[in-house]
Amino acid sequence: MKLDIIGDIHGCYEELTTLIEKLGYTWAGEIPVHPKRQLAFIGDLTDRGPRSLDTIDLVAALCSQGKARYVPGNHCDKLYRYFLGHDVQIRHGLETTVAEWASSSPSKQEAIKKKFLALYEDAPLYDVLDGGRLILAHAGMKEEWIGRKNKKIRTFVLYGDITGERNPDGTPVRRDWARDYHGDAWIVYGHTPVPEPRMIHRTVNIDTGAVFGGRLTAFRYPELETVSVPSTMPSIPTKFTCY
């Protein structure tokens, strides 16, 4: 199994296509293909960036044809609940996706909604791959939880190891769970923007803050290498966590 696992995109479609091409994929019609590799996405496809709908289109097309793997992030979960008509707060980036969606034609709105609902509903909460040697989980995973699911695990996978407290910008305070991970499986995750890919104790955080002016990063498995492209978005250094 050879995978190129892409971190949090957040609607940065231009960076996404640039990274995919840098990884050696070529376009067959509207989807990128590789003779020996497959793409994977660890969630947060949308919000904040300029082209969330195009990102949904591409990832949904890949997954529907069995050409990629996908696990949802917290932003994906919120957009899913919005499309279902639930009462969600349209902020923290969701407002950009909603505005982009609302400004499209009625037929485009219906198509995007249908594709995203199917993508989300077909996805596992987290993915256990390569005989348990590789785990894809948006915000992380504890060793003892691999193979299990419950409300507590779902919260951890989508939001990280949150304390219940809030930062001044309203985001949850998160513990550094990766520091205490000592499992044999590789955990590939994102969720918390970092200036550089962070590899520690068989975990790798590949959210390098594309939407905040950093980079969009992929983790190549089993090579255990990272490949990145620079962002075209304005730089917001305060959005990054430095350990």
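The legends below describe close-up views of a predicted model.

**View 1. The sheet is open and has five strands.**
The strands follow the order β5-β4-β1-β13-β14, and their pairing is mixed. Strands β5 (68-70) and β14 (225-230) stand at the edges with a single partner strand each, so one side of each has no neighbour in the sheet. On average, neighbouring strands of this sheet are turned by 20° against each other, direction ignored. Strands of a sheet pair through backbone hydrogen bonds, in a parallel or an antiparallel way. Views 2 and 3 take up examples of each kind.

**View 2. Strands β1, β4 and β5 pair in the parallel sense.**
Four bridges link β1 (residues 3-6) to β4. Within this pair, I6 is found opposite F41 of β4. Between β4 and β5 there are three bridges, and here L39 stands opposite A68 in β5. On the way from β4 to β5 the chain passes through helix α2, and this β-α-β crossover is right-handed. Helix α2 comprises residues 52-64 and lies across β4 (38-41) and β5. The helix runs at about 115° to β5.

**View 3. Strands β13 and β14 run antiparallel.**
Strand β13 covers residues 215-221 and is joined to β14 by six bridges. For A218, the bridge partner in β14 is V227. In a regular strand, side chains alternate between the two faces of the sheet.

**View 4. Helix α6 packs its buried residues against α3.**
Helix α6 spans residues 151-159. Which of its residues are buried? They are I153, F156, V157 and L158. These buried residues pack against α3, which is made of residues 74-83. An α-helix has 3.6 residues a turn, so residues three or four places apart point the same way.

**View 5. Both ends of helix α6 have a residue to point out.**
At the N-terminal end, N150 acts as the cap of α6. One of its side-chain oxygens lies 3.0 Å from the backbone nitrogen of K152. After α6 comes G160, and the phi of G160 is positive, near 90°.

**View 6. Cysteines C63 and C76 are not joined in a disulfide.**
A disulfide is a covalent bond between the sulfur atoms of two cysteines. How many disulfides does a search of the whole structure find? The search finds zero. Why is C63 not bonded to C76? The closest cysteine sulfur to that of C63 is in C76, 11 Å away, and this is too far for a bond; the cut-off for a disulfide is 2.5 Å between the sulfurs. For C76 in turn, the nearest cysteine sulfur is that of C63. Is each of the two cysteines buried or partly exposed? C63 has 23% relative accessibility, so C63 counts as partly exposed. C76 counts as buried because its relative accessibility is 0%.

**View 7. Residue S235 lies in the segment after β14.**
S235 is exposed, because its relative accessible area is 55% and the cut-off for exposed is over 50%. With neighbours within four places in sequence left aside, S235 is in contact with F212 and G213. S235 and A102 are 133 residues apart in sequence, and their C-alpha atoms are 27 Å apart in space.

Note on methods
Residues are numbered from 1 along each chain as its sequence is written. This is a predicted model: local features need pLDDT of at least 70, side-chain atom pairs count only at pLDDT 80 or more; totals for chains, interfaces and linings use all residues. Side-chain values use heavy atoms; hydrogens and water are left out. Two strands pair if DSSP finds at least two bridges between them. Axes are lines fitted to C-alpha atoms, for helices over the stretch in contact, and angles run from 0 to 180 degrees between N-to-C directions. Contact means heavy atoms within 4.5 Å. Buried means under 20% relative accessible area, exposed over 50%, partly exposed in between (1.4 Å probe, protein chains only). A polar contact is a pair of N or O atoms within 3.5 Å; within protein, one must be able to donate a hydrogen and the other to accept it, and residues adjacent in sequence count only if both atoms are side-chain atoms. A crossover is right-handed if, with the strands pointing away from the viewer, the path from the first strand over the helix to the second runs clockwise.
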